[in-house]
Amino acid sequence: KDAFAPPVGAIMALSLLPHPVRSADVCKEFKGIGAVLQDVLKDAVAAEGSTPYCAPRGKLSAVAPAAILAMLQWTDTNYDEPLCTMEELIRRVNTFLDPR
């Protein structure tokens with residue numbers, strides 16, 4: 001379990017960037033991305049082609065950052081009610097996700 005913490009943190013950091021990462025080599029700058037994960041990223045780039053995918057403006061490709069934004073949005077508009085229902089959270093998360 002502890003072995004997964006640094007890579008998961010690095011993936012979260014990558015997913016919250018406002019722009020795509022241009023190469024797998026740049027990813028080694030992030031704490032938690034070791035040689036194995038860097039190789040996985042290089043293989044993914046080779047399989048997809050040289051152009052990184054960038055979600056449309058205002059959309060995200062990963063659920064975790066979409067959930068963070070959905071919860072932040074909820075607390076900004078419902079400060080007297082700190083918890084939203086799961087159904088509401090899922091609805092809000094889906095508004096941030098890129099369907100691709």
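A salt bridge here is a side-chain nitrogen of Lys or Arg within 4 Å of a carboxyl oxygen of Asp or Glu. Keep that cut-off at hand for the charged stop on this tour of a predicted model.

**Whole chain**

Start with the cartoon view. The chain has 4 helices and 0 strands. From the N terminus, the order reads α-α-α-α. Now color by accessibility. Of the 100 residues, 22% are buried. Turn on contacts with a separation of 6 or more: residues 24 or more positions apart account for 49% of them.

**The loop after α1**

Select P18. This proline sits in the loop between α1 (5-15) and α2 (35-48). Is P18 buried or exposed? P18 counts as exposed, because its relative accessibility is 75%. Now add L60. The two residues are 42 apart along the chain, and their C-alpha atoms are separated by 9.5 Å. Keep L60 selected, since this leucine is one of the residues of the largest nonpolar core.

**Where α3 meets α4**

Select residues 63-77, helix α3, and residues 86-96, helix α4. Their axes come within 8 Å and cross at roughly 115°. The crossing of α3 past α4 is right-handed. By class, the contact between these helices has 10 nonpolar, 2 polar and 2 charged residues.

Which residues of α3 and α4 meet? Show side chains as sticks:

- On the α3 side, pick V63, A66, A67, L69, A70, M71, Q73, W74 and T77.
- On the α4 side, pick E88, L89, R92, V93 and F96.

**The nonpolar core**

Next, select L60, A66, A67, A70, L89, V93, F96 and L97. These 8 residues make up the largest nonpolar core. Helices α3 and α4 are the elements that give two or more residues to this core. Zoom in on A67. Leaving out residues up to four places away in sequence, A67 touches L89 and V93.

**The charged stop**

Select E88, R91 and R92. Side chains of opposite charge can pair when their charged atoms come close. How many salt bridges does the count come to? The count comes to 2.

Take R91 with E88. Their closest N and O atoms are 2.7 Å apart, under the 4 Å cut-off for a salt bridge. Both residues belong to helix α4, and a spacing of 3 residues separates them by about one helical turn. Check accessibility next. R91 has a relative accessible area of 45%, so this arginine is partly exposed. E88 is at 19%, so this glutamate counts as buried; the buried class is under 20%.

Now take E88 with R92. Their side chains meet in a salt bridge, 2.7 Å from N to O. The pair lies in helix α4, 4 residues apart, about one turn of the helix. E88 and R92 are both buried. Shared partners join E88, R91 and R92 into one network of salt bridges. E88 and R92 also appear among the α4 residues that meet α3.

**Last stop: T95**

Stay in α4 and select T95. Relative accessibility is 39% here, so T95 counts as partly exposed. Add A70 and draw a distance between C-alpha atoms. The line spans 8.6 Å, with T95 and A70 25 residues apart along the chain. You have met A70 already: this alanine belongs to the largest nonpolar core and is one of the α3 residues that meet α4.

Note on methods: Residues numbered from 1 in each chain as written. Predicted model: local features only at pLDDT ≥ 70, side-chain atom pairs only at ≥ 80, totals over all residues. Heavy atoms only, no water. Axes fitted to C-alpha atoms, helices over the stretch in contact; angles between N-to-C directions. Left-handed = near helix turned anticlockwise from the far one by under 90°. Contact = heavy atoms within 4.5 Å. Nonpolar A, V, L, I, M, F, W, Y, C, P; charged D, E, K, R; others polar. Buried < 20%, exposed > 50% of the residue type's maximum accessible area, 1.4 Å probe, protein only. Core = buried A, V, L, I, M, F, W, Y, C linked by side-chain atoms within 4.5 Å.
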